Amino acid sequence: MKGIVFTEFLDLVEAKFGLEMVDKIINESDLESNGAYTAVGTYSFSEMLQLLQHLSENTGISKDDLLLVYAEHFFAVLAESYPGLIETYKDPIEMLASIENHIHIEVRKIYPDAELPTFEILERTDNSLIMIYKSSRAMHYFGLGLMNKTFEHFNSSATINLEKIKEDGTEVKFTIQKN
Ligand code: HEM
């Protein structure tokens, strides 16, 4: 997992819960990096899982809710870092339908070692999209947060339903309906 995902995560934890919480979750985890991340580095996904688990235990907020809120913050980071990628699009459905064949392809050119999910489109209309998310990382709530913010970015909103195809969240069906 790319370092920018860790640095932004710890910045948000500090902003919401304070520096003591950052130190606490790092100390409670067994991290090869020792909790020292650089934006361009690459780290084991298990480090993110441990940080999330300990933040969840210390705050009583579920890991899914933490990932959702974190993704909403991360969207702003992506929009600021890669404005050109988002400006290509005029419509949120069009943008979400292009993650697989454009956006994440560009991301892989920048970070060849990025660990990205796949999105398979089952159905698409002007106002709706049905896609299957697949990833061994089961970050579907992270996807949901990014989708919410994609609609907000275009001054729009949507009703998004998640249906787990695999109980562990490694395969999830997203049904997106523009409001
Ligand atoms: C992960 C870039 C838009 C879904 C990532 C990562 C990057 C990235 C750098 C981390 C990869 C790693 O740590 O190895 C971008 C950029 C975008 C964008 C630059 C737009 C300009 C989106 C959107 C979605 C999405 C709109 C909506 C669903 C995900 C998910 C992950 C991810 C779910 C987590 C990894 C996983 O589930 O396996 N993306 N992304 N991305 N992205 Fe995107």
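In the predicted model, an N or O atom in the side chain of Tyr-133 is placed 2.5 Å from an oxygen atom of the ligand. Helix H5 (83–87), helix H7 (99–110) and helix H8 (140–153) are the elements that contribute two or more residues to the surrounding shell. Of these, H8 gives the most, with 5 residues. Two further polar approaches to ligand oxygen were found: a polar side-chain atom of Ser-135 lies at 2.6 Å from an oxygen atom of the ligand, and for Glu-115 a backbone N or O atom is 2.6 Å from an oxygen atom of the ligand.

In total, 27 residues surround the ligand, the closest being Lys-2, His-104, Glu-115, Tyr-133 and Ser-135. The shell comprises 20 nonpolar, 4 polar and 3 charged residues. The site occupied by the ligand is the largest cavity.

The largest pocket, by contrast in topic, was examined separately. Its volume is about 160 Å³. Because domain 1 (3–61) and domain 2 (69–178) both give residues to the lining of the largest pocket, this pocket lies between them. Helix H3 (45–59) and helix H4 (63–81) each supply at least two lining residues, and the largest share, 4 residues, comes from H3. The lining includes Phe-45, Met-48, Leu-49 and Leu-52, together with Lys-63, Asp-64 and Leu-67. Arg-137, Ala-138, Met-139, His-140 and Asp-168 also line the largest pocket. By class, the lining of the largest pocket divides into 7 nonpolar, 1 polar and 4 charged residues.

Conventions: Residues are numbered from 1 along each chain as its sequence is written. This is a predicted model: local features need pLDDT of at least 70, side-chain atom pairs count only at pLDDT 80 or more; totals for chains, interfaces and linings use all residues. Side-chain values use heavy atoms; hydrogens and water are left out. On a 1 Å grid over the protein atoms alone, a cavity is a set of points where a 1.4 Å probe fits but cannot get out, and a pocket is an open set with protein on both sides within 12 Å along at least five of seven lines; lining residues have an atom within 4 Å of a point. Grid points are joined across faces, edges and corners, and a volume is the space filled by probe spheres set on the points. Ala, Val, Leu, Ile, Met, Phe, Trp, Tyr, Cys and Pro count as nonpolar, Asp, Glu, Lys and Arg as charged, and the others, Gly among them, as polar. Domain bounds come from an automatic or database domain assignment. A residue is near a molecule or strand if one of its heavy atoms lies within 4 Å of it. A polar contact is a pair of N or O atoms within 3.5 Å; within protein, one must be able to donate a hydrogen and the other to accept it, and residues adjacent in sequence count only if both atoms are side-chain atoms. A molecule sits in a cavity or pocket if more than half of its atoms lie within 2 Å of its grid points.
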